[in-house]
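Good morning, everyone, and thank you for making time for this. Please have a look at the model on the screen, and then I will talk about two topics, its cysteines and one pair of helices.

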Amino acid sequence: MSILITVIMFGIIIALHEFGHFIVAKLCDVRIAEFSIGVGPAIFKKKGKETLFCIRLLPFGGFCMFENDEDIENDERAFENKKTWQKILILLAGALMNILLGFVLVFTTTCLEPGKITSTTVSSFYENAMSEQTGLKVDDRIVEVNGMKIFVDSDILYQFSKDKDGVFDMVVMRDGEKVKLEGVTFDLVEDESGNSSMVIDFTVYGKDKTFVNICERTVNQTIYISRIVILSLVDLISGEYSVRDLSGPVGVVSVIGNAISPQQAFINNVITVLVISSLITVNVGIFNLIPFPALDGGKILFRIIEAITKKKIKPEIEGTISAIGMFLLFGLMIFTTFNDILKLFGK
């Protein structure tokens, strides 16, 4: 079941990504040679008016291939002969479609989750709460933690999870004014392994599920997911995380397998899958915008360079650079898959 859910999840995410490229290319009157979901041998083919539609064996990939004839100089419908802004918009469309899907999934999850929408406003404290003793008060709406703007309660939890000493600088809205709080403190407890965790000693208000509140929560939660993806990439580059912390499709199967259970209510399993899917689709969208060869971001960078220099990059040069990038990405995919398998066996 976990494998099936993962295959369907990635299939939908990739199909919508490629559809984003496809539909914007069509709006810009670009000829499309092939629209393919999956990679490897084709298991289904359908020839449209001018586009070959394919489903290929391996579901973890896909592409929208523009006309690749050698004689395209006089072809007004060729991608390469379109204006720079059109080419950039076509290349952006896949990632934007992924983020839009994330928005829809978060909206759906917010509607399905039981209870009220969690706010960022303190409603009460537990007995002898250190945070209350060090400056936080009931009805304070937390707007910053350690310099990071807070959109949803998950932002607060993220900052708490990154902290080492349980001491924070906060900005809150109190009686309509911003108030800076320095040194707000939380108790730390150690487990049997000697790892410390922070005790969150306050609760927050819930908000009624009106259409406006659901939309506000959806926008803010999508911003939260996008920011976490970007911060995680920065942490990976800076060395705070190891490449061994990366996971691929096999890791996703494991996560879903651990998160869903026949003993849980069906709706809870659905919500869990939607939450994981929203994180992955936004991740795919943002990752594709990295200015790295073979990714959409790398192709956009080439188009920007052409616009600045007023010179067209030779196709063979761009092709070679993209091939190297693709080779490195395949290497990373193989590494993460092997690493995920080792994790399954506890190594």
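Let me begin with a question: is cysteine 111 buried, partly exposed or exposed? Please keep in mind, as we go, that this is a predicted model. Cysteine 111 has a relative accessibility of 38%, and so it counts as partly exposed.

Staying with the cysteines, the structure holds 0 disulfides. Cysteine 54 is in no disulfide, and the nearest cysteine sulfur to its own, which belongs to cysteine 64, is 12 Å away. Cysteine 54 has a relative accessible area of 3%, and it is therefore buried. Cysteine 111 is likewise in no disulfide, and here the nearest cysteine sulfur is that of cysteine 215, 8.3 Å away, whereas a disulfide requires the two sulfur atoms to be within 2.5 Å.

Those last two cysteines bring us to the helices, since Cys111 is among the residues of α2, and Cys215 among those of α5, that take part in the contact of these two helices. Helix α2 covers residues 84-112 and helix α5 covers residues 211-238; their axes come within 9 Å and cross at roughly 130 degrees. Because of that angle, α2 is oblique to α5, and the crossing is right-handed.

Which residues meet there? From α2 we have Ile99, Phe103, Val106, Phe107, Thr110 and Cys111, and among their partners in α5 are Phe211, Ile214, Cys215, Arg217 and Ile225. Sorted by class, the contact of α2 with α5 has 10 nonpolar, 4 polar and 1 charged residues.

Technical notes. Residues numbered from 1 in each chain as written. Predicted model: local features only at pLDDT ≥ 70, side-chain atom pairs only at ≥ 80, totals over all residues. Heavy atoms only, no water. Axes fitted to C-alpha atoms, helices over the stretch in contact; angles between N-to-C directions. Helix = DSSP H or I, 4+ residues; strand = E, 2+ residues; numbered from the N terminus. Parallel < 35°, antiparallel > 145°, perpendicular 65-115°, else oblique. Left-handed = near helix turned anticlockwise from the far one by under 90°. Contact = heavy atoms within 4.5 Å. Nonpolar A, V, L, I, M, F, W, Y, C, P; charged D, E, K, R; others polar. Buried < 20%, exposed > 50% of the residue type's maximum accessible area, 1.4 Å probe, protein only.
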